[in-house]
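Please open the model in your viewer with side chains available as sticks, and follow the stops below in order.

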Amino acid sequence: MGLFHTISPPEPKLPEFQQLLFEARDRVAYITLNRPDVTNALSIQLSNDLTKAVEYLRDSEAFNVVVIKGAGGNFCAGDDLTEMGSGAWGNGNQVMRRVRFYQHMANTLEELDKVTICAVDGYCVGGGLEITMACDFVICTERARWGMPEVDWGITPGWGGTTRMARLIGRRKTKEINLLGALHPARRGVELGLFSRIVDNDALDEETAKLVDLLLMKNQQGVRQLKFMINKNVETDLYTAQGFEALGAALTGTVLGGWEVPDADGKHGWHDYKSKDPNSAIRKRREAALDFWVD
């Protein structure tokens, strides 16, 4: 019996989607952006669907890997400009609220305790590129083209095109990508560090499957710890980051069996306290602390 009495929460109910396909294959979730007639542009509905999918994955313990791809030979052309131009996003305050909603989606995607893979074919621009930057691995085909063209539409990126990109490739290159608005070949994405690997145009599914298989062979608790530490450490100073590493090592040692630390209680304090045993060490220390330095 473990140190703690654990109760596994029920699995969340899979939401219904209108413009997104969701497929569960054992421990792998496959998300397909499904508006191929408009290069999988992120309509309000598709963005809502994607947010629901990411939140579902956040709350689920059924998956270890998530694969995101686009239907019809393209990944994603970014936000749907026809909707934006029609006024569907609303006034300035409503636009800000929607951008913050998209930031929530990207942040939640980045923080998932699963490994996330983007399988990119064709166009990957604007919001589509922002999705990839919130993921752990990005595999792209040779014909993939990417960029941040918002500058030429008179708008600015809202959920990673300047912030995550600058953290991934630096300030100067981020200015080049955003201020010029060019569409770049897949190779440059790998060279800059935005993409993980380029494959032949007909090998995307095969290479993605190989990566998934390898990841599923790993110690999943170790994978979760590594992802958490790397994501958090990159945003902080060296000594704080080393603190995460030290705590991660301690957690690893505990999970692997070394939980019996001599001067630790060895059990949850509440179980001892509620026993009403007057000789309980935990009850005594709690009572000793109640009025200490409260004058």
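At 17% relative accessibility, under the 20% cut-off, Phe 22 counts as buried, and this residue is a convenient place to begin in what is a predicted model. Select Tyr 56 next, which is also buried, with a relative accessible area of 10%.

Now show the two rings together: Phe 22 and Tyr 56 form an edge-to-face aromatic pair, with 5.6 Å from centre to centre and 85 degrees between the planes. This pair links distant parts of the chain, since Phe 22 belongs to strand β1 (residues 20–25) and Tyr 56 to helix α1 (residues 44–59), 34 residues apart. Adding Phe 17 and Phe 63 to the selection completes one aromatic cluster, made up of Phe 17, Phe 22, Tyr 56 and Phe 63.

A search of the whole structure finds ten aromatic pairs, and another of them can be displayed by selecting Phe 101 and Tyr 102, whose rings are tilted at 45 degrees between the planes and lie 6.0 Å apart, centre to centre. Which partner is buried and which is partly exposed? Tyr 102 counts as buried at 1% relative accessibility, whereas Phe 101, with a relative accessible area of 28%, is partly exposed.

For a ring with a charged neighbour, select Arg 25 and Tyr 30: Arg 25 lies over the face of Tyr 30, at 4.0 Å from the ring centre.

The next stop is a helix. Select α8 (residues 204–216), whose 13 residues should span 18 Å at 1.5 Å a residue, and whose end C-alpha atoms are 18 Å apart, so the expected and modelled values agree. Within α8, colour Leu 204, Thr 208, Leu 211, Val 212, Leu 215 and Leu 216, which are buried. These residues cover an arc of only 130 degrees around the axis, and they therefore lie on the same side of α8. To see what covers the buried residues of α8, add the strands β2 (28–33), β3 (65–70), β4 (115–120), β6 (137–141) and β9 (197–199), together with helix α9 (220–233), all of which are included in that cover.

From here, move to a sheet by selecting β5, β7 and β8. These three strands form an open sheet in the order β5-β7-β8, with mixed pairing; the edge strands are β5 (123–125) and β8 (184–185), each of which pairs on one side only. Strand β7 (residues 145–147) runs antiparallel to β8 and is joined to β8 by two bridges. What is the bridge partner of Arg 145 in β8? Selecting Pro 185 shows that partner.

The last two stops concern backbone geometry. Select Thr 39, in the loop between β2 and α1, where phi is near 55 degrees, a positive value in a residue other than glycine. At 23% relative accessibility, Thr 39 counts as partly exposed.

Finally, go to the segment after α12 (281–290) and select Trp 293, which lies there. Trp 293 has a positive phi of about 55 degrees although this residue is not a glycine. Is Trp 293 buried or exposed? At 75% relative accessibility, a value over the 50% cut-off, Trp 293 counts as exposed.

Notes: Residues are numbered from 1 along each chain as its sequence is written. This is a predicted model: local features need pLDDT of at least 70, side-chain atom pairs count only at pLDDT 80 or more; totals for chains, interfaces and linings use all residues. Side-chain values use heavy atoms; hydrogens and water are left out. Two strands pair if DSSP finds at least two bridges between them. Helices (H or I, at least four residues) and strands (E, at least two) are DSSP runs, numbered from the N terminus. Rings of Phe, Tyr and Trp (its six-membered ring) pair if their centres lie within 6.5 Å; planes under 30 degrees apart count as stacked, over 60 as edge-to-face and the rest as tilted. Buried means under 20% relative accessible area, exposed over 50%, partly exposed in between (1.4 Å probe, protein chains only). A charge sits over a ring if NZ of Lys or CZ of Arg is within 6 Å of the ring centre and within 35 degrees of the ring normal. The expected span of a helix is 1.5 Å times one less than its number of residues. The arc is that of the directions from the helix axis to the C-beta atoms. Contact means heavy atoms within 4.5 Å.
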